[in-house]
Amino acid sequence: MPLAQTATSVPVTVNDDLCIADKGCTVCVDVCPLDVLRIAEAADGSKTAYMKYDECWYCMPCEADCPTGAVTVNLPYLLK
Amino acid sequence: MDEILDGLTQIDCDILVIGGGTAGPMAALKAKKKNPKANVVLLDKANVKRSGAISMGMDGLNNSVIPGYATPEQYTKEITIANDGICDQAAVLRYAEECYGIIRELDDFGIRFQKDQNGEYDVKKVHHIGTYVLPMPNGDTVKKALYRQLRKARINIINRYMATRLLTGEGRVAGAICVNTRTAEFLVVRAKAVIMGLGAAGRLGLPTSGYLYGTYENASNSGEGYAMAYHAGAGLANLECYQINPLIKDYNGPACAYVAGPMGGYTANAKGERFIECDYWSGQMMQEFYDELQGGKGPVYLKLNHLAEETVAEIERVLHIVERPTRGHFHAGRGTDYRKQMIEMHISEIGFCSGHSASGVFVDEHARTTIPGLYAAGDMANVPHNYMLGAFTNGAFAGMDAADFIADVDFADFDMGTVDAERTRVMAPTKRDDGIPPNQIEYKTRRLVNDYLQPPKVTAKMELAQKRFEEVREDMEQGMYVRDSHELMRALEASTILDCADMAAAASLYRTESRWGLYHNRVEYERDDENWFCHTILTKGEDGKPAHRKQDVKPYVVEIAEDEKDAYYKQRVEPSVAAE
Amino acid sequence: MSALFEEFDDIADLAEGLDDPSAGARIMAVIDLADSADPAAIPYLARAIADPDAGVRKQAAQALTDFDGPETAAALVQALSDTDMAVIEAAAISLTELKLPEAGDAILPHLGDQDEIRLTALLAGIKELRRPEAMEPAIAALSHSAPAVRMQAVGVIGWLQDETSLDALQQAATDPDTQVRRTAVAALGFSKSDAARTALMAALKDPEWMVREAGAETLAKSGDASSIPALRAVLDDDFWQVRLKSVRSLGKLGATEAALQIAPMMDIPVPNLRKECAAVLGELAVKETLPFLEKYADDTDPDVRKNVRWAMDRIAA
């Protein structure tokens, strides 16, 4: 029973220029009640937060607690 | 992160608090305060900083019993009436007597309650009889303030561990089995007392948007408390009394009539007229809401467009900053404006939550469950209509009582075989090469909940649900497949959700009468006080399936006169379907 | 396995991060210091208020919300002079979260500051600390040119509930700014004096409805029946909101003489007002109002109907 690769738009976006994951910041990943954010490491070694799982309650701690204002919570398309 | 590791650690503590949302932190603080030597551990599957129903805050208290505005007796009376009489009053009365002390404590924590221009509590009148609403202007800082207190008290906090089963032995609680949500490593916690504050079963019904996480409750509250209590053998009360709430359609967040109400806003039908007869937030009120939606007079709206610009701006400030701040984004995206038009409302998917109803793990006025040493508080315990302040207050009761309980006991022995069996159960989806992902198991369960369990309740439909749930269970146990530890957490939640769905169906079939308005509107039965003026207690039967018994409602400590019981029915124009 | 429990690190160790050359790392150090909830972190956060990077300074101002006392307040007061608006805003919010009266020691000496933004924040910060020494500078601030300052000054005075401030509040009740007047009128509620009542009755003639509304609501607080004629005079106010509060206050004061004036207001097609009128007619229980109520015993609005029937029961009893 192979698994499909179905695309889905995710509600949380991160501005890479503002994100300080490089400096060890994991605030947004830490505070998410549903644990859907992760830190991605690019080929050049730079790091940035991103939404890995589309399981969002659009509650906003990630946006509110981000020290640099890099995170934006949009409403999931299905209910917006 | 997220890879599946093999590991098992065991730790000991005096009191294990599971759930770091609202009731849990207060329980931990109170236990530690009463017994500073006690080793108190607070565990959460998320991060205590931002976990639980009030993750982003809360805009106000809607059940504050403040001297001068309401009395504990009056409050107890109203809650009894709102719950159609089925209520052990001792727990409600104790809450009502002690919640003011908790308000003052929260105030000391730095949580602000609205004060007038002279610095006195600015209690708002919403309910017909008593006055209980107290807005919280900096309600967005609640979790921060709680976390600060936990750190100051040096409570041991464990984040990102999900408790999956309770351990019992010697006829009492012995601890809990937990799994790391990011590594799948196991943690066995031996404890002399366990306090559960795991919140509502908020992912039971499927929201109309179809988005699994677009729920009324915080979607991380998937009902583990109910499932764990069930498997440990505790009694659960009145689960047929579902939670269904009015909400902003699609956004699925609370409409907060109790914020807008004192400022002149109200719920209206398509003609812009008020239609809700009921004075209490109750199943009766939801029945009226449902009737209006279904009866051709809908849609139903939140009406603020008759208010002055200045008033609307004030309401917006509260509603869009605190509790669910994305609500402002939602209206902006839709181009809807409270000033210009009414905002469409709907009713929520079903769930279990005593915050707004009366179901949950059975507890007494000390937050004790039917298992010695095991406590429950907040949305998952059956103290009716306890909302956020009830979670704090009953959490405090649990913490204080547990501190006494551990003084006289040692760890209870338990069977290590239980741990091995649980590891096998939990890890099964990681041992397969392919299969059904947890989101599909969950979606199907919840879709069936909507199809067959949502009121009005029909016997044949609920029996069909049970049959289909069994099929899903078979698929889940034999074929669920996960690729990482995050998916494993979702798989465990899917299993919990299915347990809750089973309990919802079984409990609803057992009570062969209609009660609590829409919450338990069984179309084939009328209200039947003679046979059903009682709690229904659901436990796990010998056969591993839900078993039921009736339990007397304890004699009232606050008398309700006959004419008070139906004080408001008399004022109706015509009775609605469930007003019997 | 990573650390099981949240850690209680040594504050000095956490503070080392404040010397990191990268601003991002310093922000993280500030967050860790805040999470410690340990007062030993305050001096380090106070130092971070002077960090070269505005992002660090903002985070430090925010972090100080988790602490209290004069040292915290002093650091926040310092942050109010920052060059970056985001830092100032964060500090202003944190100042309002102070609870310990002694934190006021660091605010009081600055209440003579004439800068609008700083003085607004300082007054908002001292308000809930209820320091009597703030009365004099608050009264002085009532003549500041900025309405935001005057508004906060009224707040400070109102919370002190001191009869000697009545002249000042009465003055503020005639302020050119609507919000200041509205706040001052509500702040007069603590006093049962003639002076307060005179000021409140004057507010009923204010050109702005929100001030009249506040006046009508506050007049019931003293429980003095001498304000009844003035309240009756606004029962025909252009704004239903004002009429509603006046009706409510007349009910609280037991103004039976107003009942027949309130009763015909049941005909006004504003649901909120009709509901309030019915409830108050019940409280006043004047038999002659019965015909006005009977008309609406079957009103389609449930809130109106319920209150009408309740009122009719009261009158019958």
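This report describes a nonpolar core, a helix pair and a chain contact in a predicted model.

Local features require pLDDT of at least 70 and side-chain atom pairs count only at pLDDT 80 or more, while totals for chains, interfaces and linings use all residues. Residues are numbered from 1 along each chain as its sequence is written, and chains are lettered from A in the order in which they are written.

The largest nonpolar core (buried Ala, Val, Leu, Ile, Met, Phe, Trp, Tyr and Cys residues joined through C-beta atoms within 7 Å; buried means 20 or more other C-beta atoms within 10 Å of a residue's own, with C-beta atoms placed from the backbone) holds 328 residues, of which B:Ile15 and B:Leu236 touch the most other members. Helix α14 (residues 485–510) of chain B contributes the most, with 14 residues; helices are DSSP runs of H or I, at least four residues, numbered from the N terminus. Because domain 1 (246–347) and domain 2 (427–551) of chain B both give residues to this core, it lies between them; the domain bounds come from an automatic or database assignment.

Helices α3 and α10 of chain B pack at an angle of about 100°, their axes 9 Å apart; axes are lines fitted to C-alpha atoms over the stretch in contact, and angles run from 0 to 180 degrees between N-to-C directions. The two are therefore roughly perpendicular (65 to 115 degrees). Their contacting residues (C-beta atoms, placed from the backbone, within 7 Å) are tabulated below.

| Helix | Residues in the contact |
|---|---|
| α3(B), residues 89–109 | B:Tyr95, B:Glu98, B:Cys99, B:Ile102, B:Leu106 |
| α10(B), residues 387–405 | B:Leu389, B:Gly390, B:Phe392, B:Thr393, B:Asn394, B:Ala396 |

Eight residues of chain A are in contact with eight residues of chain C.

Notes
Two residues are in contact if their C-beta atoms, placed from the backbone, lie within 7 Å. A residue is buried if 20 or more other C-beta atoms lie within 10 Å of its own, exposed if 12 or fewer, and partly exposed in between; C-beta atoms are placed from the backbone. Angles under 35 degrees count as roughly parallel, over 145 as roughly antiparallel, 65 to 115 as roughly perpendicular and the rest as oblique.
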